[in-house]
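Visitor: Please choose one part of this protein and look at it closely with me. I am new to it, so take your time and explain each term as you go.

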Amino acid sequence: MGALDGELAGEWVFDPAHSRFGFSARHAMVTRVRGAFNDVEGRMHVDPDGPAKSFVTVRLRAASVDTRHPQRDAHLRSADFFDVERYPDIVFTSTTIQEAEERMYMVVGDLTIRGITHEVAIPIERVGVERGADGELRVGFEGTRRVDRRAWGLEWQVPLDTGGVLVSERVTMEFEISAVKRPDAPDGTPGADTAPDVADAGDGGRPDADDAPASPADDASTGAAAPDPAAAAPDPATAAPDPATAGAAPAAARGRHRALGARRASWFRPRR
């Protein structure tokens with residue numbers, strides 16, 4: 001990656017609004033039909049030591065397939081093709097990335113469709129690195145790869161009277177990717193500012209054992225003095241909540257939960 005190593009190194013997320021994961025296939029042997037998946041998630045790690053230690057993962061929602069023809073899209077979602085009810089996701093996970101020449105890479109990884117996994121090698125070109133309108137750093141990649149759809153169980157076919165087939169068995173995968181770099185945290189950790197709160201993420205904000213109040217048995221085991229019943233009893237004159245402030249604590253708690261949910265949902269949104 002040459003002189004751009006320092007700028008490219010770090011964590012990147014794909015921008016679905018400016019990326020395309022598509023395909024094209026011959027129809028009736030005479031024309032080409034194109035489609036794409038509209039629901040896309042992807043991330044990329046660019047290691048400072050080079051492509052050999054970098055990786056990329058992509059997840060496509062099979063039900064989001066779009067060929068601009070509702071009847072054909074419904075057929076593609078059916079058990080004849082992607083069978084989205086049983087296999088909702090199409091997943092690619094790289095295993096090796098090699099720099100073939102300047103700005104050109106060979107990305108090898110496992111592609112899973114309909115629960116079937118095969119290794120594929122995809123040549124990718126780095127188109128450019130630029131700052132976006134909001135100052136975010138973007139990198140673009142493009143590539144194509146022809147595969148035999150039958151290897152992943154996509155075997156539906158109709159023979160033609162002339163000897164051909166209705167849908168070509170070899171399909172071209174098409175990639176146009178815009179990825180946005182996640183800014184480093186003040187301590188230099190890549191993307192740490194957008195990482196979910198690990199302490200809260202596991203239980204969704206629900207209290208756990210560490211949050212539970214100590215019992216009298218706990219006080220005895222630790223040597224802490226038991227509370228004075230007379231001191232612990234609430235004063236009736238002050239126990240009633242102040243109507244003017246009663247809603248403040250729940251409102252603050254709701255605000256914290258909304259903020260946490262927004263942080264989690266932002267994992268795959270482009271940073272602005």
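Guide: Trp156, with a relative accessibility of 25%, counts as partly exposed, a label for values between buried (under 20% relative accessible area) and exposed (over 50%), found with a 1.4 Å probe on protein chains only. The model is a predicted one, in which local features need pLDDT of at least 70 and side-chain atom pairs count only at pLDDT 80 or more, while totals for chains, interfaces and linings use all residues. Residues are numbered from 1 along each chain as its sequence is written, and side-chain values rest on heavy atoms, with hydrogens and water left out.

The ring of Trp156 is best read among the aromatic pairs, of which the structure holds five; rings of Phe, Tyr and Trp (its six-membered ring) pair if their centres lie within 6.5 Å, and planes under 30 degrees apart are stacked, over 60 edge-to-face, and the rest tilted. One of these pairs joins Phe21 and Phe175 edge-to-face, with 5.9 Å from centre to centre and 75 degrees between the planes. That pair links distant parts of the chain, since Phe21 sits in strand β2 and Phe175, 154 residues away, in strand β11 (residues 170-181); strands here are DSSP runs of E with at least two residues, helices runs of H or I with at least four, and both are numbered from the N terminus. Phe21 is buried at 5% relative accessibility, and Phe175 is buried as well, at 12%.

The pair that includes our starting residue is formed by Phe81 and Trp156, whose ring centres are 5.5 Å apart and whose planes meet at 50 degrees, so the pair is tilted. This pair, too, links distant parts of the chain: Phe81 lies in the loop between α2 (70-77) and β7 (89-101), and Trp156 in the loop between β10 and β11, 75 residues apart. Phe81 is buried, having a relative accessible area of 8%, whereas Trp156 is partly exposed. Elsewhere, Phe14, Phe21 and Phe175 form one aromatic cluster.

From rings we can pass to charged side chains, where a salt bridge means a side-chain nitrogen of Lys or Arg within 4 Å of a carboxyl oxygen of Asp or Glu. By this rule the count is 12 salt bridges. In one of them, Asp15 meets Arg138, with their closest N and O atoms 2.9 Å apart. Asp15 belongs to the loop between β1 (10-14) and β2 (20-27), and Arg138 to strand β10 (residues 137-148), so that the pair bridges 123 residues of chain, and Asp15 itself is buried, with 3% relative accessible area.

Arg138 also forms a salt bridge with Glu136, at 2.8 Å from N to O. Glu136 is found in the loop between β9 (116-131) and β10, and its relative accessible area of 11% makes Glu136 buried. A polar atom of the Glu136 side chain lies 3.2 Å from the backbone nitrogen of Asp134, while the C-alpha atoms of Glu136 and Lys181, 45 residues apart along the chain, are separated by 7.1 Å.

Another salt bridge joins Asp148 and Arg150, their closest N and O atoms being 2.7 Å apart; Asp148 is partly exposed at 21%, and Arg150 is partly exposed at 38%. Finally, Glu41, Arg59, Arg61 and Asp89 are linked in a network of salt bridges.

Technical notes
Polar contact = N/O pair within 3.5 Å; in protein donor to acceptor, adjacent residues only side chain to side chain.
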